[in-house]
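Let's walk through this one together, starting with the overall layout and ending at the ligand. Have the viewer open as you read.

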Amino acid sequence: MTMFKKTLAAAAVSAALLPAQAIQAGEVEVLHWWTAGGEARAAAALKEMMEEQGHTWKDFAVAGGGGEAAMTVLKTRAVSGNPPAAAQIKGLDIREWAKLGFLTSLDDVAEANQWDQLIPPVIADVMQYEDSYVAVPVNVHRVNWLWANPEVLESAGVAVPKTLEEFYAAAEKLEADGVIPLAHGGQPWQDATVFEAVALAVMGPEDFASAFVEHDMDVINSARMEEVFAEFAKVMSYVDDDAAGRDWNTATGMVIRGEAAMQIMGDWAKGEFTAAGLTPGEDYICAPAPGTGGQFTFNVDSFAMFSLSDDDNTKAQKDLARTIMEPEFQTVFNKAKGSIPVRTDMDMSGFDACAQASMDTFKSSADDGGLVPSFAHGLATTSYVQGQIFDVVTNFVNSDNKDPARATDQLAAAIQAAL
Ligand code: BGC
């Protein structure tokens with residue numbers, strides 16, 4: 001054998017010995033808005049699992065709770081012909097992006113890994129465009145939660161409120177005890193998150209869906225909706241005067257430190273308690289938002305996958321999609337993030353009590369009609385309608401003269417205009 005042939009043969013042998021992924025390593029650029037403590041730990045788990053497979057992770061994090069800033073940046077990048085491989089896009093927006101021709105099919109990954117059997121149909125539907133998977137779900141967040149500091153409640157002599165009436169009574173006592181009853185950040189998506197919880201408590205799941213999913217004008221423009229705004233105003237009156245612009249995790253920090261007693265927020269807030277090393281039931285309390293026990297407002301994070309031209313990067317992108325649905329990722333990620341796995345076949349015994357309660361309510365509410373999509377987090381309606389609701393709700397919060405009847409009229413007109 002000539003020297004040249006020997007070298008070639010040696011190269012072939014060592015190539016055969018290399019793991020397949022090392023040969024086909026690519027880069028995944030991933031756009032997300034997970035920059036708070038718990039969120040960042042969760043995102044790091046995904047990065048690590050991609051790097052273990054030999055791929056390069058290019059982090060495209062755009063800070064800003066709720067993701068509005070991230071979506072603005074994504075549009076700019078996509079329009080200039082340079083989208084990332086994967087972007088955290090949710091709900092009906094996934095279809096909008098697919099319709100514009102930006103997304104790629106994940107059907108080969110979905111078929112090989114039996115996604116149809118693993119993902120609840122109501123969620124699988126959101127991930128598809130024209131019967132093809134174009135996005136992969138990461139988790140299920142429950143939005144209608146109340147987070148509370150047990151020591152603060154105890155010192156004011158109040159129990160965890162189960163109804164809005166109990167919430168007001170508790171808030172009065174907490175205020176008298178010198179503590180802020182409700183931690184909140186004055187940003188439109190946070191205002192909408194609290195408004196959504198109050199709407200569910202006042203209207204119940206059926207009317208909630210009629211108003212915010214089907215946009216039935218008789219339900220939107222109703223005395224019931226005026227009641228929602230009236231109760232919402234009362235809830236918001238227990239927020240301190242410095243809330244304007246405050247980030248949601250800063251508000252969670254106020255509960256952790258005992259400066260405030262409670263926060264109404266989705267279970268990404270649990271990621272903050274977990275990152276601070278705290279234990280549910282001992283150091284903090286998770287309970288359904290007042291008046292919404294047994295009901296579940298769902299918010300599903302997902303990554304939509306953009307069409308790429310480079311083969312190695314496409315391989316990395318498909319590995320990302322596959323990895324996200326694997327039990328190992330679903331466990332590690334969701335423990336850090338505060339959410340529950342999107343797969344219905346997961347063993348929940350290693351999860352904390354809040355996650356176990358969340359999974360139980362997710363399943364029971366799916367059976368009894370108490371499961372509703374979150375409009376504050378993009379699962380119920382288009383981003384156009386969502387934007388209109390945010391404007392009306394935030395204007396109401398910031399107005400000195402809160403008039404529920406006027407706000408109801410404005411909400412009806414705003415939703416109508418966006419349909
Ligand atoms: C997302 C969560 C995120 C939260 C705060 C929600 O809309 O679904 O993943 O943690 O916003 O940024």
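Domain bounds here come from an automatic or database domain assignment. This is a predicted model, where local features need pLDDT of at least 70 and side-chain atom pairs count only at pLDDT 80 or more, while totals for chains, interfaces and linings use all residues. Residues are numbered from 1 along each chain as its sequence is written, and side-chain values use heavy atoms, with hydrogens and water left out.

The assignment splits the protein chain into domain 1 (22–140 + 300–354) and domain 2 (142–298 + 367–418). Their contact (heavy atoms within 4.5 Å) takes 24 residues from domain 1 and 27 residues from domain 2. The C-alpha centres of the two domains are 27 Å apart.

So where does the ligand lie? Domain 1 and domain 2 both give residues to the shell around the ligand, so it lies between them. That shell holds 14 residues, and Glu39, Lys90, Asp301, Lys337 and His377 come nearest; a residue counts as near if one of its heavy atoms lies within 4 Å.

Now zoom in on the polar contacts, meaning pairs of N or O atoms within 3.5 Å. Glu39 puts a polar side-chain atom 2.4 Å from an oxygen atom of the ligand. For His377, a side-chain N or O atom is 2.7 Å from a ligand oxygen, and for Lys90 the corresponding distance is 2.8 Å. Taken alone the ligand exposes 310 Å² (Shrake-Rupley method, 1.4 Å probe), and the protein buries 100% of that.

Key. A polar contact is a pair of N or O atoms within 3.5 Å; within protein, one must be able to donate a hydrogen and the other to accept it, and residues adjacent in sequence count only if both atoms are side-chain atoms.
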